[in-house]
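Could you walk me through this structure in my viewer, one selection at a time? I am new to it and would like to know what to click on next and what I will find there.

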Amino acid sequence: TDKASIEIWAEAFRNVPRKTYTFRSASARLPMSVSAVGTPLIPVRIGDKVYNFWLDTGSSLTMLSSDVARDLDIAPIVSDTLEIVTSTGRVKANPALIPQLEIGQLVVRNAPAMVVEETMMQMGEPRPIEPTKHVKIDGIIGFDIIRQLDIEVDYSENSMRLRNPATSRPDADRNIFWVGLPVIRLTSTDGIPLHFGLDTGAQLTFVTETLLDKLQLEAARIESRRVGGLGGEISLRAPVLPDLRVLVRGFPILFRGAVVRAPVYQVLASLDGVLGGDVWNSGIVRIDMTNGVFAVRKPHPN
């Protein structure tokens with residue numbers, strides 16, 4: 001009876017044709033723009049039109065804004081309206097099928113998608129990344145597609161490099177895993193293993209009580225925060241950590257005043273936190289689920 005259950009969504013897509021991926025080249029660089037809240041947006045071609053999609057590792061499926069679905073004459077494949085769970089609550093959605101979409105040199109055919117109201121395709125209070133630039137979000141590339149790619153997002157150059165992971169060099173030290181949500185293995189500066197979910201659709205990184213226990217930390221203060229995600233934002237009053245440095249394959253990332261929240265995802269692991277969309281600001285971020293690589297490195301010097 002839960003309209004967001006995996007079983008109901010699986011039933012909706014039970015009879016659709018098999019999704020296929022075709023790489024026309026091993027590697028390509030795509031231009032990237034930035035939304036009002038700092039979310040990376042990449043060009044996606046559907047039919048003869050190009051749309052702006054954001055990269056959301058926390059979304060299990062690709063999404064379409066309802067106005068884009070109407071523009072493309074893409075109708076729901078079942079009559080019932082279902083729901084999806086986001087970092088800020090639930091959003092109504094309709095199952096649909098995109099016959100073909102192109103991201104750079106990648107062609108995806110028969111891509112299952114979730115159609116949501118265009119008013120939901122936004123995040124909360126804008127951060128001052130480019131305050132004069134407003135880019136409409138037409139859809140979301142979910143982890144169902146991201147997991148088939150080797151991508152590097154470079155904010156400093158406003159670009160994304162996309163590779164066929166079959167041609168990428170595997171890394172012996174796998175540090176990204178799938179447990180119903182992509183999970184990254186980090187370490188504290190003392191070498192203690194930490195496990196963070198990766199949800200770039202959530203606006204901010206947060207930590208859980210598990211991390212406080214593991215690292216023997218105490219909150220620095222209590223603050224009121226507004227947390228944005230797909231469909232809007234929520235207000236909460238929560239403990240805030242002092243600045244915390246963690247390591248990704250030896251590369252340092254600084255969490256500034258991370259909020260302590262209860263886990264919001266039902267996954268087969270005890271998470272120490274969730275890396276949100278602000279992770280893109282850490283440097284050049286690489287995600288390669290096929291070869292088990294999540295890495296961050298410094299941007300190229302200007």
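## A tour in selections

**First stop: a nonpolar cavity.** The lining of the second largest cavity divides into eight nonpolar residues, with no polar and no charged ones. Keep in mind along the way that this is a predicted model. To see the lining, select Ile-42, Leu-55, Ile-103, Ile-141, Leu-149, Ile-151, Met-160 and Leu-162. The space they line, the second largest cavity, has a volume of about 30 Å³. A search of the whole structure finds two cavities of 30 Å³ or more.

**Second stop: a five-stranded sheet.** Switch to a cartoon view and look for an open sheet of five strands, in the order 2-12-11-23-24, with antiparallel pairing. Select residues 27-31 for strand 2 and 293-297 for strand 24: these two stand at the edges with a single partner strand each, so one side of each has no neighbour in the sheet. Looking across the sheet, you can follow a twist that averages 15° from one strand to the next.

Now go strand by strand. Select 150-154 and 159-163, which are strand 11 and strand 12; the two pair in the antiparallel sense over five bridges. For one of the partnerships, click on Asp-150 and then on Arg-163, its bridge partner in strand 12.

On the way to strand 23, strand 11 is again your starting point: four bridges join strand 11 to strand 23, and the two run antiparallel. Here Val-153 has Val-285 in strand 23 as its bridge partner.

**Third stop: the covered strand.** Stay with strand 23 and select residues 284-288. How many of the five residues of strand 23 are buried? Five of the five are, and the strand is described as mostly covered. Colour Ile-284, Arg-286 and Asp-288 one way and Val-285 and Ile-287 another, and you will see the two faces of strand 23, both of them covered.

**Fourth stop: the hairpin.** Extend the selection to strand 24, which pairs with strand 23 in the antiparallel sense over five bridges. Within this pairing, Ile-287 stands opposite Phe-294 in strand 24. Strand 23 and strand 24 form a hairpin with four residues between them, and Gly-292 in the turn has a positive phi of about 75°.

Keep Gly-292 selected and add Ala-172. These two residues are 120 apart in sequence, yet their C-alpha atoms are 8.6 Å apart in space. Ala-172 is found in the loop between strand 12 and strand 13 (176-178). Is Ala-172 buried or exposed? With 86% relative accessibility, Ala-172 counts as exposed.

**Fifth stop: aromatic pairs.** Show the side chains of the aromatic residues; the count comes to three aromatic pairs. Begin with Phe-143 and Trp-178: their ring centres are 5.4 Å apart and their planes are at 10°, so this pair is stacked. The pair links distant parts of the chain, with Phe-143 in helix 3 (residues 143-146) and Trp-178 in strand 13, 35 residues apart. The two partners can also be viewed by accessibility: Phe-143 is buried, with a relative accessible area of 1%, whereas Trp-178 counts as partly exposed at 35%.

Next, select Phe-196 and Phe-255. This aromatic pair is tilted, with 5.5 Å from centre to centre and 45° between the planes. Phe-196 lies in strand 15 (residues 193-198) and Phe-255 in strand 20, so the pair ties together parts that are 59 residues apart in sequence. Phe-196 and Phe-255 are both buried.

**Last stop: a pocket.** Keep Phe-255 selected and add Thr-205, Leu-254, Arg-256 and Asp-278. Of the 17 residues that line the second largest pocket, these five lie nearest its centre. The second largest pocket has a volume of about 300 Å³.

Which strand gives the largest share of the lining of the second largest pocket? That is strand 20, with three residues. Select 221-229 and 251-255 to bring up strand 17 and strand 20, each of which supplies at least two residues of this lining. Finally, colour the lining of the second largest pocket by class: you will have ten nonpolar, three polar and four charged residues.

Note on methods: Residues are numbered from 1 along each chain as its sequence is written. This is a predicted model: local features need pLDDT of at least 70, side-chain atom pairs count only at pLDDT 80 or more; totals for chains, interfaces and linings use all residues. Side-chain values use heavy atoms; hydrogens and water are left out. On a 1 Å grid over the protein atoms alone, a cavity is a set of points where a 1.4 Å probe fits but cannot get out, and a pocket is an open set with protein on both sides within 12 Å along at least five of seven lines; lining residues have an atom within 4 Å of a point. Grid points are joined across faces, edges and corners, and a volume is the space filled by probe spheres set on the points. Ala, Val, Leu, Ile, Met, Phe, Trp, Tyr, Cys and Pro count as nonpolar, Asp, Glu, Lys and Arg as charged, and the others, Gly among them, as polar. Two strands pair if DSSP finds at least two bridges between them. Axes are lines fitted to C-alpha atoms, for helices over the stretch in contact, and angles run from 0 to 180 degrees between N-to-C directions. Buried means under 20% relative accessible area, exposed over 50%, partly exposed in between (1.4 Å probe, protein chains only). Rings of Phe, Tyr and Trp (its six-membered ring) pair if their centres lie within 6.5 Å; planes under 30 degrees apart count as stacked, over 60 as edge-to-face and the rest as tilted.
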